[in-house]
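The paragraphs below walk through one model, beginning with a pair of neighbouring strands and widening from there to the sheet and the packing around it. Please keep the sequence and the coordinates open while reading.

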Amino acid sequence: MAGTRNTAVAVVLAALALTATACNNNDDKKAAPAAPTTAAATSATPSAAAPTTGAKPEKVSPAVYLEQVTQKTSAAKSAKVVEVIQVGQVTMKGKGAVSWADGLEADLTMDLSGSPIAKVLEPITGGPNVHYLYTKEAMYMALGGELLQKGGPGWVRYSKADMAKASGGTADQLQSADPVQGVRTLIASGKVTEVGPETVNGKATTHYTGVLSADDVASATTQGMTQAQADKIKQNLVTAGITSDRIDVWVDADKLVVKRSEQAETKAGALNVTVDYSDYGTPVIAATPADAIDLADLEKAASGS
């Protein structure tokens, strides 16, 4: 049963790491540096700050424009999300809302019906759809099925330490994952290029892309971390067999991220992740459940039975 719970935590960590940040109160300090001029000269995008006197819009590089996107999207503080995570033949879908206004808060439901994990979790969750709440202090997974029928608690609580243990790393890595983390990674790598205008979810957007090496990804995503944390993330990339990562982002006229995707080859098969963002500024309710049991207490109860 402990293995089942660890799998459940790893799934939701992957989801959260692709959708929200734990803290964005100092965005200027967290923003990645602008790309070198070799990438900046690739193409240009009109600036929203262009004068309205009839003059042509000011042209800026993709890196400079995407830096403006990180600031605008981060300032929005919350959004609704829809995501699809595919690893080899396994598919997981998520839907909900996240807030990064003052520590990470999220209310997500994961559809695991496209994964063998669903059958494993069914006695614990009651079905393939799993409800997760993420507060500033912990993560909660809704219980159901046999456990709830026996009059047990409605939620299991995972502390930061529990999540770090289950994910094989550290929960702190969530602090650098937000709706524009892919944008920051592109900027830091210096390999961003503009694809051009595309319509996404009915919105006019501009598409940006970049193919990064594993070293590029590690360097961009470990900024601000301790050496031990950075080394762990680098080791995770090696263990997963990831040698390169393609990142795509679509940005609308309001400089908000509408969609992002990542593609990579792993030892478990092709990894494809897409996240759609909408309704920026939406309220997110992720209150601490009153009927929750700590993971350690649940493990004790399980071993006793």
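Strands β11 and β12 run antiparallel and are joined by six bridges, where strands are DSSP runs of E with at least two residues, helices are runs of H or I with at least four, both numbered from the N terminus, and two strands pair if DSSP finds at least two bridges between them. The model is a predicted one, in which local features need pLDDT of at least 70 and side-chain atom pairs count only at pLDDT 80 or more, while totals for chains, interfaces and linings use all residues. Residues are numbered from 1 along each chain as its sequence is written, and side-chain values use heavy atoms, with hydrogens and water left out.

Within this pair, D248 has S261 in β12 as its bridge partner, and the two strands form a hairpin with four residues between them, where K255 in the turn has a positive phi of about 65°. Seven of the nine residues of β11 are buried, which leaves the strand mostly covered; buried means under 20% relative accessible area, exposed over 50%, and partly exposed in between, with a 1.4 Å probe and protein chains only. Strand β11 is also joined to β10 by nine bridges, again in an antiparallel arrangement, and there I247 in β11 is the bridge partner of G210.

On its other side, β12 (residues 257-266) runs antiparallel to β13 (residues 269-278), with eight bridges between them, and K259 stands opposite D276 in β13. Helix α8 (residues 181-189) packs on the sheet and touches β10 (203-213), β11 (244-252) and β12, its direction making about 115° with that of β11; contact means heavy atoms within 4.5 Å, and the axes are lines fitted to C-alpha atoms, for helices over the stretch in contact, with angles running from 0 to 180 degrees between N-to-C directions.

These strands belong to an open sheet of twelve with mixed pairing, in the order β9-β10-β11-β12-β13-β3-β4-β5-β6-β7-β8-β14. Because β9 (193-200) and β14 (292-294) stand at the edges with a single partner strand each, one side of each is left without a neighbour in the sheet.

Turning to the nonpolar packing, the largest core has 50 residues, and those with the most contacts inside it are L66, L112, M141, V156, Y158 and Y208; such a core is a set of buried Ala, Val, Leu, Ile, Met, Phe, Trp, Tyr and Cys residues joined through side-chain atoms within 4.5 Å. A second, separate core of six residues includes L133, A138, Y140 and W155.
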